[in-house]
Amino acid sequence: MDEARPIFQQIAERVENDILSGALSEEGQVPSTNEFAMFYRINPATAGKGVNLLVEQGILYKRRGIGMFVAAGARERITARRRELFVLEYIAPMLAEAASLGIKPDQITQLIENQLSERETR
Amino acid sequence: MNSQNPVIQVDGLSRSYRDVAALWDVTFSLQPNMICGLLGRNGAGKTTLMRMLTGQDFPSAGSVRLFGENPVENSTVLQQICFVSEAQRYPDGFQARHVLAGAPWFFADWDAAFADDLVGKFRLPLKRDVKKLSRGQQSALGVIVGLASRASITIFDEPYLGLDAVARHTFYDTLLADYAERPRTILLSTHLIDEVSNLLEHVLVLDEGRLLLDQSAESLRGSAAAVAGRAGDVDSFVEGRQILHRDTLGGLATVTIAGRLTAADHRAATAANLEIAPVSFQQLIVDLSTRSAPAPAVASVVHE
């Protein structure tokens with residue numbers, strides 16, 4: 001766990017990652033709050049807070065007496081939100097670092113293109 | 001959940017031994033069914049507080065209420081609490097099996113089958129004098145009694161002395177699993193803060209007999225940051241903030257500040273070539289309890 005951020009947020013992110021990777025499928029059941037607490041060795045109230053965050057966002061939904069499930073369209077919603085954050089969390093810090101290293105904008109574009117073609121040939 | 005009656009209510013509690021104040025004007029209440037950490041340095045008053053919570057010592061001033069009642073010589077209350085003390089002593093010739101056999105007399109909700117299961121997990125020899133058990137085995141016995149008591153209020157005072165890392169994690173995992181199944185109030189006094197910090201829902205920190213912090217673990221996490229860089233740049237960045245700790249190395253400085261940093265703060269720090277690092281739960285408590293400033297100011301700053 002990352003010390004700087006609330007644990008419940010990190011739990012919610014890990015569940016989202018599992019949904020994005022397909023480890024948790026839409027309409028599939030997710031582990032119970034207590035199972036999350038045991039697995040990540042955290043207080044059950046914290047695990048519950050993370051799960052509830054995803055319920056509020058419509059990523060998970062409750063079936064009374066049965067458990068928690070991944071909502072239809074959850075993957076799409078997570079992807080859309082993370083795309084919005086992509087600029088803020090990846091592009092902006094990269095540009096700041098590039099500026100402090102004196103890497104010019106056209107060089108950045110070139111570096112990205114090089115990386116992309118390297119990935120394609122792999 | 002906060003509308004429930006507190007399971008523990010402490011008001012203006014002080015305890016002096018001759019002219020030394022072991023506890024001074026401590027006031028807090030705990031809602032039922034939480035795992036709460038009781039943290040602080042040696043001599044901070046943790047054991048004194050736990051002894052008064054369990055009716056083994058008497059306040060010089062103030063009051064203690066468990067389930068709304070005074071615990072002293074109150075058998076209804078005492079049957080529902082279990083105090084696992086590091087200093088627990090047993091009579092000569094007493095074996096672990098005698099301790100476990102006697103436990104149902106003291107604990108209304110004792111679960112013998114669970115205790116047997118734990119004896120196996122901790123590999124505790126049952127037919128050996130408790131006095132001849134290793135320090136770790138004696139701790140394991142205490143942990144087993146504490147868990148299997150299933151007491152509504154279970155208090156562990158440094159339960160891990162002599163327990164190796166494997167046994168400690170067995171304790172944490174078992175505590176978490178059993179607590180998840182049967183929520184109850186757990187008060188855990190420990191020095192191994194980083195090991196247990198993720199298990200805690202609430203934190204009480206004592207320092208020199210005073211209550212320094214009384215807040216949710218979640219609100220404490222990330223409520224301080226360490227700023228590192230050239231001393232002059234660091235000093236201008238932290239100006240006007242609550243400084244908890246300061247280290248210097250030549251022209252470099254690392255300063256720990258209280259309060260959450262905003263995204264704008266992070267941008268400003270990056271622009272000034274400063275590094276910002278999170279402060280671990282344990283480090284934060286250490287920084288708070290080594291400060292000389294009066295406690296209330298610190299608590300109010302970290303609380304926001």
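Select the boundary of chain B and chain A to begin with: in this predicted model, one salt bridge is counted between the two chains, where a salt bridge is a side-chain nitrogen of Lys or Arg within 4 Å of a carboxyl oxygen of Asp or Glu. Show D173(B) and R41(A) as sticks, since D173(B) forms a salt bridge with R41(A) and their closest N and O atoms are 2.7 Å apart. Next, colour helix α6 (residues 165-181) of chain B, which with seven residues gives the most to the side of chain B that touches chain A; helices (H or I, at least four residues) and strands (E, at least two) are DSSP runs, numbered from the N terminus.

Widen the selection to the whole interface, where 20 residues of chain B are in contact with 17 residues of chain A, contact being taken as heavy atoms within 4.5 Å. The area buried between these chains is about 1600 Å², of which carbon and sulfur atoms give 56%; buried area is the accessible area (1.4 Å probe) that two parts lose on being put together, summed over both. In chain B, N198(B), E218(B) and R221(B) lose the most area to chain A, together 35% of what that side buries.

Now hide chain A and colour chain B by domain, with domain 1 at 8-219 and domain 2 at 220-303, bounds that come from an automatic or database domain assignment. The centres of the two domains, taken over C-alpha atoms, are separated by 33 Å, and 20 residues of domain 1 of chain B are in contact with 15 residues of domain 2 of chain B. Between them the two domains bury about 1500 Å², 59% of it on carbon and sulfur atoms, and the rule finds zero salt bridges across this interface. On the side of domain 1 of chain B that touches domain 2 of chain B, the elements that give two or more residues are α7 (193-196), β8 (202-207), β9 (210-216) and α8 (217-220) of chain B, and β9(B) supplies the largest share, six residues.

Finally, return to chain A and select residues 5-73, which UniProt lists, in an unreviewed entry, for "domain: HTH gntR-type"; such annotations may be inferred rather than shown by experiment. Over residues 5-73 of chain A the chain is 52% helix and 14% strand, with the end C-alpha atoms 27 Å apart.

When making these selections, note that residues are numbered from 1 along each chain as its sequence is written, and that chains are lettered from A and ligands numbered from 1 in the order in which they are written. Local features need pLDDT of at least 70, side-chain atom pairs count only at pLDDT 80 or more, and totals for chains, interfaces and linings use all residues, while side-chain values use heavy atoms, with hydrogens and water left out.
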